[in-house]
Amino acid sequence: MGSSVVIRIICLVVGYCFGLIETGVIYGKAKGVDIRKYGSGNTGTTNALRVLGAKAGLIVLLGDFLKSFLPCFVVTLIFKHMDVYCDIYQLFVLYAGLGAVLGHNFPFYLGFKGGKGVATTAGTIVGLLEGWIILILLILFVAVVALTRYVSLGSILLMIELTILYIIFAFKGWLCFGAAVSPFVHEAMIESIILIIIFASICIIRHRENIKRLLKHEERKLSFHKKGELK
């Protein structure tokens, strides 16, 4: 359907515009700090936590989560109950979420240097999947971070688990594509799997330096500081 192509583009563009709201940069400037000049230089939650403290980390986490969740939620409201698109609405949700991640990771007005997209991807996950699937993903992430104190390792494993579970659930018919009785719906399901792989690939690639440090046992562990560490 030609109209579905237009919808994909609109969802991607709208998501990207939401993703451009760099919570870390905004909060940092409100505190007189350019977060990009400290720590890892990223604009995301982990760097905000390390540079500006736990309160900043929580606020940035919430902001980066919502800028993906909100467009995904709206897309769900619009298309989930439409007869034409009810079997493939999750595909449109993924495009909105992907746009938000791209906007967060590659904001044009910051020289395409943003965050790593973990919290923003989480917003997409919550806006996309059923609660019990979200719980499985959350348990793994929290367990890995709690045991190792490596946020990067938890994030990487989360993306891998998300990809595996999504593929299994899609083919088991546990997602909206369970009614894949037409080539159109089946193709949409395959396309959604490709998008999930793109999500995971972007996140893992953005963590490539963390992976190198993990292999060398040089990765910084998560720690909480009331006022952060400006260094």
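This dialogue explains how to read helix packing, pockets and a cavity in a predicted model.

User: I should like to begin with helix packing. At what angle do helices α5 and α6 pack, and how far apart are their axes?

Analyst: One begins with the angle and the distance between the two axes. Helix α5, residues 89-105, and helix α6, residues 118-128, pack at about 165 degrees, and their axes are 9 Å apart. Angles over 145 degrees count as roughly antiparallel, and α5 and α6 are therefore roughly antiparallel to each other. The crossing in which α5 passes α6 is right-handed.

User: Which residues make this contact?

Analyst: On the side of α5, the contact is made by Gln90, Val93, Leu94, Gly97, Ala100, Val101 and His104, and on the side of α6 by Thr120, Thr121, Thr124, Gly127 and Leu128. One may then sort the residues by class. The contact of α5 with α6 has 5 nonpolar residues, 7 polar residues and no charged ones.

User: How are α3 and α4 oriented to each other?

Analyst: The reading follows the steps used above. The angle between α3 and α4 is about 160 degrees, and their axes lie 7 Å apart. α3 and α4 are therefore roughly antiparallel to each other, and their crossing is right-handed. From α3, the residues in contact are Thr45, Ala48, Leu49 and Leu52, while α4 brings Ala54, Ala56, Gly57, Val60, Leu61 and Asp64. By class, the contact of α3 with α4 comprises 7 nonpolar, 2 polar and 1 charged residues.

User: Why are α9 and α10 described as oblique to each other?

Analyst: Here the angle must be set against the cut-offs. Helix α9, residues 183-206, packs with helix α10, residues 208-215, at about 55 degrees, with the axes 4 Å apart. Angles under 35 degrees count as roughly parallel and those from 65 to 115 as roughly perpendicular; α9 and α10 are therefore oblique to each other. Ile204, Ile205 and Arg206 of α9 meet Arg208, Asn210 and Ile211 of α10. This contact of α9 with α10 has 3 nonpolar, 1 polar and 2 charged residues.

User: Let us turn to pockets. What is the volume of the largest pocket, and how many residues line it?

Analyst: A pocket is read through its volume, its lining and the elements that supply that lining. The largest pocket has a volume of about 980 Å³. Its lining has 42 residues, and those nearest its centre are Thr45, Thr46, Val118, Phe141 and Val151. At least two lining residues come from each of α3, α4, α6, α7, α8 and α10. The element that gives the most to this lining is α4, with 6 residues. By class, the lining of the largest pocket has 20 nonpolar, 15 polar and 7 charged residues.

User: Which residues line the second largest pocket?

Analyst: The second largest pocket has a volume of about 210 Å³. Its lining consists of Ser40, Gly41, Asn42, Lys113, Gly114, Lys116, Arg206, Arg208, Glu209, Asn210 and Arg213. Helix α10 gives the most to this lining, with 4 residues. The classes here are 5 polar and 6 charged residues, with no nonpolar ones. Arg206, Arg208 and Asn210 are among the residues in the contact of α9 with α10, and they also appear in the lining of this pocket.

User: How many cavities of 30 Å³ or more does the structure hold?

Analyst: A cavity differs from a pocket in that a probe fits inside but cannot get out. The structure holds 1 cavity of 30 Å³ or more, and the largest cavity contains about 30 Å³ of space. Its lining is formed by Leu94, Thr121, Thr124, Ile125, Leu128, Leu162, Ile196 and Phe199. Both α6 and α9 supply at least two of these residues, and α6 gives the most, with 4. By class, the cavity lining has 6 nonpolar and 2 polar residues, and no charged ones.

User: Where do the cavity and the contact of α5 with α6 share residues?

Analyst: One compares the two lists. Leu94 of α5 and Thr121, Thr124 and Leu128 of α6 belong to the helix contact, and these residues are also found in the lining of the largest cavity.

Technical notes
Residues are numbered from 1 along each chain as its sequence is written. This is a predicted model: local features need pLDDT of at least 70, side-chain atom pairs count only at pLDDT 80 or more; totals for chains, interfaces and linings use all residues. Side-chain values use heavy atoms; hydrogens and water are left out. Axes are lines fitted to C-alpha atoms, for helices over the stretch in contact, and angles run from 0 to 180 degrees between N-to-C directions. Contact means heavy atoms within 4.5 Å. Ala, Val, Leu, Ile, Met, Phe, Trp, Tyr, Cys and Pro count as nonpolar, Asp, Glu, Lys and Arg as charged, and the others, Gly among them, as polar. A crossing is left-handed if the near helix is turned anticlockwise from the far one by less than a right angle, and right-handed if clockwise. On a 1 Å grid over the protein atoms alone, a cavity is a set of points where a 1.4 Å probe fits but cannot get out, and a pocket is an open set with protein on both sides within 12 Å along at least five of seven lines; lining residues have an atom within 4 Å of a point. Grid points are joined across faces, edges and corners, and a volume is the space filled by probe spheres set on the points.
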